[in-house]
Amino acid sequence: MSATNCKEYEFLKIEPHWQGIWDKTKAFRAENGSTKPKYYVLDMFPYPSGSGLHIGHPEGYTATDILARYKRARGFNVLHPMGWDAFGLPAEQHAVKTGTHPAANTQNNITNFRRQIKALGFSYDWDREVDTTDPKYFRWTQWIFLQLFKKGLAYVDERPVWWCPELRTVLANEEIVDGKSEVGGYPVERRNLRQWVLRITAYAEQLIDGLKDVDWPDSTKRMQEAWIGRSEGAEVLFKLEDAKLGDLKIFTTRPDTLFGCTYMVIAPEHPLVDSLTVPAQREAVKAYRFKAASKSDLERTDLAKDKSGVFSGSYAINPVNGARVPVWIADYVLMGYGTGAIMAVPAHDERDYEFALRYDLPIPRVIAAADGSDTLPYTGDGTLINSPGYDGLAWPEAKKKITAALAAKGIGKGTINYKLRDWLFSRQRYWGEPFPIVWVSEADYRSAAALRQDLPKQPVKFAESGVTLYALPLPDAALPLVLPEVQTYLPSGNGESPLANVTEWLEVWFNVSTGASVPATQAKPAGDAWVRARRETNTMPQWAGSCWYYLRYLDPQNANAIASPEAQKYWDVPDLYVGGAEHAVLHLLYARFWHKVLFDLGVVPQPEPFKKLFHQGIILGEDGEKMSKSRGNVVNPDDIISAYGTDSLRLYLMFLGPLEAMKPWNTKGIEGVHRFLKKIWRECLDPEGAVSPRITDTGALSPEAEKVFHETIKKVSEDTEALKFNTAISQMMILGNALQKEPALPRAVMLDFLRILAPYAPHLAEELWARLGQNGSIAAAGWPSFDPTKLVSSTITIVMQVNGKHRGDVTVDPAVSEAELQALAVQHAKVAPHLTGKTIKRTIYVKGRLINFLV
RNA sequence: GCCCGGGUGGCGGAAUGGUAUACGCAACGGACUUAAAAUCCGUGUCCUGUAAGGGAGUGUGGGUUCGAGUCCCACCCCGGGCACCA
């Protein structure tokens with residue numbers, strides 16, 4: 001491989017030159033089934049937005065690239081892939097505005113992203129690039145959905161969603177800012193719409209358990225745990241005074257406080273509200289429900305501190321003591337959690353306490369505080385009081401006993417509740433994966449069931465304007481189901497996606513065996529397998545494609561499976577996954593869910609997808625604020641590359657501080673690493689671009705420089721492995737400064753230096769490697785080792801302290817004995833004055849470190 | 001309110017319980033140059049002192065220890081997440 005011939009460090013020539021060579025030789029191809037040990041390092045793939053790469057992308061990508069190059073040098077077969085999470089709203093909005101197909105815009109953006117990423121010199125295996133909008137890819141996204149569907153993990157339900165009348169579309173929660181659409185700032189409202197929902201709650205327990213086995217940041221594990229929100233308690237049946245209304249079922253985590261229950265609360269949406277409301281309260285309850293319903297979520301949160309409610313007029317009976325307790329209706333109880341009804345124990349719950357104060361309800365104490373405190377509400381540890389039969393028990397024990405007693409009587413049982421809700425999986429948009437589902441009549445579904453073995457145990461059905469339709473999956477062989485061409489990308493306006501306007505595609509004769517279809521306007525084809533069907537018009541959310549892309553990289557061309565079992569066995573799951581903390585919950589939870597389902601189906605061989613996770617920090621603007629167009633503090637990687645080169649950019653991004661930290665960009669700061677690279681260039685080459693005369697095959701370093709050299713190999717190895725790139729770079733700078741002072745530079749030393757620099761500044765390293773007469777790419781040149789015997793210096797510096805205060809230091813032979821050192825120290829000019837007239841009570845000696853006299 | 005993470009020079013940051021401020025930026029002084037750029041050498045926490053030296057010092061206040069940026073307790077501030085989940 002030949003280098004350029006520039007005399008100075010012309011990074012604008014050097015960098016594209018080597019990128020071209022890497023491209024041509026496919027230098028970073030990962031080989032399936034190699035005999036080498038494997039290493040799989042994964043980046044979170046980007047959404048290819050129209051505004052191009054943001055400086056945050058290269059931060060994480062540089063980190064993984066350094067590691068990938070380092071692992072290759074260490075003899076690993078490295079899988080380091082890149083792809084595009086390319087479905088999404090911005091492309092669709094662009095399409096609405098311009099009328100061009102979102103695919104065209106998406107491909108333009110991908111081309112630009114690929115160009116920018118290649119200009120950064122990352123060592124991706126481009127033969128494994130994936131694109132979630134490619135039918136060859138989303139065929140498998142649809143296939144996975146069908147597996148979930150067949151397993152009974154997908155269903156259809158009417159759900160309240162955010163509807164924006166102005167944009168004529170449904171928006172996701174994260175697209176709503178302060179009660180308005182993120183795009184345009186238009187008002188949004190709640191609407192009930194038919195939605196696909198995935199039963200992620202069925203995996204709640206496994207999703208918590210699996211966190212034990214992964215090497216993730218603790219904070220991220222905690223966030224997922226909190227999001228899943230497991231809580232152990234009991235369901236208890238309270239008889240209603242009006243026996244014909246049956247029982248009121250509540251959930252509580254503290255059945256031990258049952259004797260302290262003085263009222264009940266049901267959510268305003270609770271099905272028993274109407275029947276429990278007595279005539280005298282009807283008007284008040286109606287008004288309260290209306291008020292609660294009209295509150296937006298935002299208002300409900302704002303008013304969180306201000307409890308309100310209304311008495312229903314009815315009473316329930318406390319099962320443990322027969323007490324008559326009033327049933328209230330209040331919006332501090334949520335219909336979506338537990339049973340939508342609670343027993344209120346105001347003495348030991350802050351919310352109940354506040355409510356009881358406001359409505360003047362009794363607050364009897366049933367837990368005595370462990371520390372004897374008498375303030376209420378009390379939620380700490382303690383023992384039961386005023387609870388006949390249980391007094392004196394510690395509350396966790398009472399919880400078990402009371403739960404058991406209720407269960408024995410058949411009026412309660414221990415249960416576990418989760419905050420996690422099922423996953424709303426559909427969007428009313430064009431630019432997403434179509435659901436491989438058609439809707440048919442009950443009779444047609446029955447006849448399909450006779451022909452198909454792959455239907456769910458319980459049919460998925462949905463009633464609309466009096467007609468019940470059944471969801472029939474496309475056969476696997478009929479995948480992919482591609483998006484039809486549409487006249488307009490504008491949503492239909494009635495809550496359905498633009499697909500609802502494509503009648504030819506929508507209304508079909510459908511062959512239940514083969515999945516073939518013809519427009520319903522044509523004659524019904526002959527044969528029993530043909531039924532009348534309407535296609536599903538929803539599309540999948542952007543999460544879908546990113547839930548499993550890490551599997552496709554293993555075997556991206558495979559037409560018969562997500563990836564072959566051999567590829568899965570060889571590559572396993574990523575050894576390291578790097579991406580932003582903003583995905584700590586949703587993406588990472590959804591992907592884990594899918595992976596666990598695939599594991600249960602025997603499609604993947606391991607229960608967790610991401611062994612080790614790391615979040616890179618955010619890079620702030622020079623003003624210390626988050627980068628944003630409106631602030632005008634956005635740094636464009638293209639500009640930095642043309643001014644300093646990508647090697648400088650890569651180095652600076654890593655030198656800025658710890659990878660996980662949030663840190664401000666400073667354009668001046670890049671000068672420092674750029675000077676460092678220029679210095680390396682000058683150490684290797686003379687002003688004419690020939691090998692520097694200081695570099696020889698026979699010369700030797702001074703002992704001090706040699707020590708620094710071996711220390712540097714050691715530290716750079718360790719720090720790279722530990723993702724502490726900032727300190728690795730510091731150490732290389734220290735070596736650079738030391739070498740600069742040396743009269744002679746052994747060629748072998750310079751080559752080793754280039755090898756440890758290569759993962760960080762690969763273009764410069766390749767160029768100088770070639771210029772110093774080496775053949776082949778430095779990427780294939782391995783990793784140098786250090787000589788541990790060179791790390792020990794011939795002298796050591798011992799710190800001398802008196803009473804813990806630093807009084808001086810002395811340079812001695814490492815073999816010095818304690819007695820010798822002590823004698824030396826007490827006579828030392830800087831120490832002696834502090835000892836005169838005092839007696840040494842004790843001497844602390846830390847070998848090779850310090851000696852401390854206590855006087 | 002609850003749960004995390006973090007407060008170290010003018011700035012980004014470094015530091016297995018053992019010389020606090022490595023490395024870099026900015027600044028200042030000097031060398032080279034007609035000059036500039038580039039490069040090189042040097043100074044660089046604060047107070048006190050001509051100096052040698054002395055004293056203080058890692059958000060605040062306590063504690064453990066021969067010795068604390070590092071460990072423990074309380075508090076203040078900043079950042080992130082969750083937020084009536086019974």
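The questions and answers below concern chain A of a predicted model.

Q: How many helices and strands does chain A have?
A: The C-alpha trace of chain A, taken along its principal axes, spans about 100 × 90 × 50 Å. Buried residues make up 52% of the 855 residues in this chain. As for secondary structure, chain A has 27 helices and 35 strands.

Q: Which strands stand at the edges of the open sheet of four strands that includes E1 and E26?
A: Strands of a sheet pair through backbone hydrogen bonds, either parallel or antiparallel. In this open sheet the pairing is parallel, and the order is E2-E1-E26-E27. Because each edge strand has a single partner strand, one side of each is left without a neighbour in the sheet, and the strands in that position are E2 (77-79) and E27 (613-614).

Q: Which residue of E27 is the bridge partner of valine 578?
A: Strand E26, which covers residues 576-578, pairs with E27 in the parallel sense, and two bridges join them. Within E27, the bridge partner of valine 578 is phenylalanine 614.

Q: At about what angle does helix H2 run to strand E1?
A: Helix H2 is formed by residues 56-73, and it lies across E1 (38-43), E2 and E26. These three strands belong to the open sheet with the order E2-E1-E26-E27. Relative to E1, helix H2 runs at about 170°.

Q: Is leucine 499 buried or exposed?
A: Leucine 499 is found in the loop between strand E22 (467-473) and helix H14 (503-506). Beyond its neighbours within four places in sequence, leucine 499 is in contact with several residues, including Tyr430, Leu483, Pro484 and Trp505. A residue counts as buried under 20% relative accessible area, and since leucine 499 has 0% relative accessibility, it is buried.

Q: How far apart in space are leucine 499 and threonine 537, C-alpha to C-alpha?
A: Threonine 537 is among the residues in contact with leucine 499. The two are 38 residues apart in sequence, while their C-alpha to C-alpha distance in space is 5.5 Å.

Q: Which residue takes a positive phi in the hairpin of E34 and E35?
A: Strand E34 (residues 842-846) runs antiparallel to E35, and five bridges join the two; in this pairing isoleucine 844 stands opposite asparagine 852. Strand E35 (residues 850-854) also pairs with strand E32 (residues 796-802), here in the parallel sense over four bridges. The hairpin of E34 and E35 has three residues between the strands, and the residue with a positive phi, near 75°, is glycine 848.

Definitions and conventions. Residues are numbered from 1 along each chain as its sequence is written. Chains are lettered from A and ligands numbered from 1 in the order in which they are written. This is a predicted model: local features need pLDDT of at least 70, side-chain atom pairs count only at pLDDT 80 or more; totals for chains, interfaces and linings use all residues. Side-chain values use heavy atoms; hydrogens and water are left out. Two strands pair if DSSP finds at least two bridges between them. Contact means heavy atoms within 4.5 Å. Axes are lines fitted to C-alpha atoms, for helices over the stretch in contact, and angles run from 0 to 180 degrees between N-to-C directions. Buried means under 20% relative accessible area, exposed over 50%, partly exposed in between (1.4 Å probe, protein chains only).
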